[in-house]
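Student: Could you take me through one part of this model in detail? I'd like a close look rather than a tour.

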Amino acid sequence: MNMPANIASKVASKIQYFKNPKNRELSKTELDELAKELDAIKQEVLDDLGEQDAKYIRKIYSAVRYTGISGRALLFAGWFPPAWVLGTGLLGVSKILENMELGHNVMHGQYDWMNDPKFKGQTFEWDIVGTADNWRQTHNYKHHTYTNIKGMDDDIGYGLLRLFPEQRWKPGYLLQPIYSVPFCLLFQWGVAIQNLEIGKVWMGRKTKQELKEEWKPLQKKIGKQLFKDYVFFPLIAGPAALPVFLGNLAANGIRNVWTFSVIFCGHFTKDVEVFPKTVLQDESRGHWYMRQIRGSSNLTGSELFHIMTGHLSHQIEHHLYPDIPARRYRKMAPKVEAVCKKYGLNYNNASLVKQYGQVIGRIFKYALPFNK
């Protein structure tokens, strides 16, 4: 994708981009070699895909079903506090697994090779108020193609937060330490409306009729989700309607906080970089790979922790290989890290506590106009 020189120079002159000194700038030859080595890591996995991967995702599918059924059953006895706590926890686990290890990864086409309709990326619909079609557009296409490119990747702050000095400051950002809290608690709703790009209507770049047409499928999905969690299940619970209602509300909140935390820790930590549109000029595969590495961060943890994050704890590997079954990232990671070390690229990897602390730091720091 090329950009006219006059536009490229204008973009570069308006914005000062800070490069992380932990990363070495690579020559064209080095970038080509980087691409070959990272391609080889991918091909090694592709050559080995098979029944073990299929068994794994089927087990995840079953785990989502049985934790969900168990959680909802316990909530029917929700007037008994231990049953409510355990039921809410199991339902929260089910929703996290469904969104992250099942839905997100299946929608990337990671299991299309199985030819199983349940795991087909283009038709999978998930348990969240946002539609899968919108997610495939905003995330699978825009975010993974234009990762961390300002003005092209809508995931940079989700249009609500200033998390990098390259983002133009506005007075409303002063309140982001406050409104980031409800954004975290209601994260699925932020994801749901992201593709509507409501701001374009205010700026005259989208008509109200266009917004109305885009709203229709989302409205249908929202209605279905609200009915399921807050009308149908409380209604059939009879005397336990209130505990079931509150359990569903809490389970959705647990899922929202967890997904917000994992996603933000993979994209907005201290050493993560954003890029100007000029990087797209004659961008090679090696340069694209380098952009993914410099725009991502990983989380350390146990095998269970990685599963509960949908293996987005390996955000670097996910950005490099979004269509590879995520369960493979753990074994790919040491090889990717070795390649990064060889070429002088920072392999950003730390605990959830450390990375989350850096995210909170960015939210407070870049709320202020003088932090540029």
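Student: Let's start with F227: is it buried, partly exposed or exposed?

Tutor: Keep in mind that this is a predicted model. F227 has a relative accessibility of 46%, so it counts as partly exposed; the cut-offs here are under 20% for buried and over 50% for exposed. F227 sits in helix α9, which covers residues 208-236.

F227 also belongs to a nonpolar surface patch, together with F76, V231, F232, L235 and I236. Taken together, the six residues of that patch have about 580 Å² of accessible area.

Now for the helix itself. There's a kink of about 40 degrees in α9, and F227 is at its centre. What about the end-to-end span? With 29 residues at 1.5 Å a residue, α9 should span 42 Å, and the C-alpha atoms at its ends are 39 Å apart, which agrees. Past the helix you come to G238, with a positive phi near 60 degrees.

Then there's the covered side of the story. The buried residues of α9 are L211, L218, K221, I222, Q225, D229, F233 and P234, so you'll find K221, Q225 and D229 listed there alongside leucines such as L211. Several other helices help cover those buried residues: α3 (51-75), α4 (81-107), α7 (187-194), α8 (198-202) and α10 (241-267) are among what covers them.

For a contrast with F227, try two spots elsewhere in the chain. G310 lies in the loop between α12 (303-308) and α13 (315-320). Its relative accessible area is 0%, so G310 is buried. Setting aside neighbours within four places in sequence, G310 is in contact with M100, E101, N105 and A326.

The other spot is L368, in the segment after α15 (352-365). L368 has a relative accessible area of 30%, which means it is partly exposed. Again leaving out neighbours within four places in sequence, L368 is in contact with R162, W169 and L174. The C-alpha atoms of L368 and L174 are separated by 6.1 Å, although the two residues are 194 apart along the chain. Now set that beside G310 and L368: they are 58 residues apart along the chain, and their C-alpha atoms are separated by 33 Å.

Notes. Residues numbered from 1 in each chain as written. Predicted model: local features only at pLDDT ≥ 70, side-chain atom pairs only at ≥ 80, totals over all residues. Heavy atoms only, no water. Patch = residues over 30% accessible without salt bridge, like charges linked within 9 Å, V, L, I, M, F, W, Y side chains within 5 Å. Areas by Shrake-Rupley, 256 points an atom, 1.4 Å probe, with all protein chains shown as cover. Salt bridge = Lys/Arg side-chain N within 4 Å of Asp/Glu carboxyl O. Helix = DSSP H or I, 4+ residues; strand = E, 2+ residues; numbered from the N terminus. Buried < 20%, exposed > 50% of the residue type's maximum accessible area, 1.4 Å probe, protein only. Expected span 1.5 Å × (residues − 1). Bend = angle between axes of the 7 residues up to and from the residue. Contact = heavy atoms within 4.5 Å.
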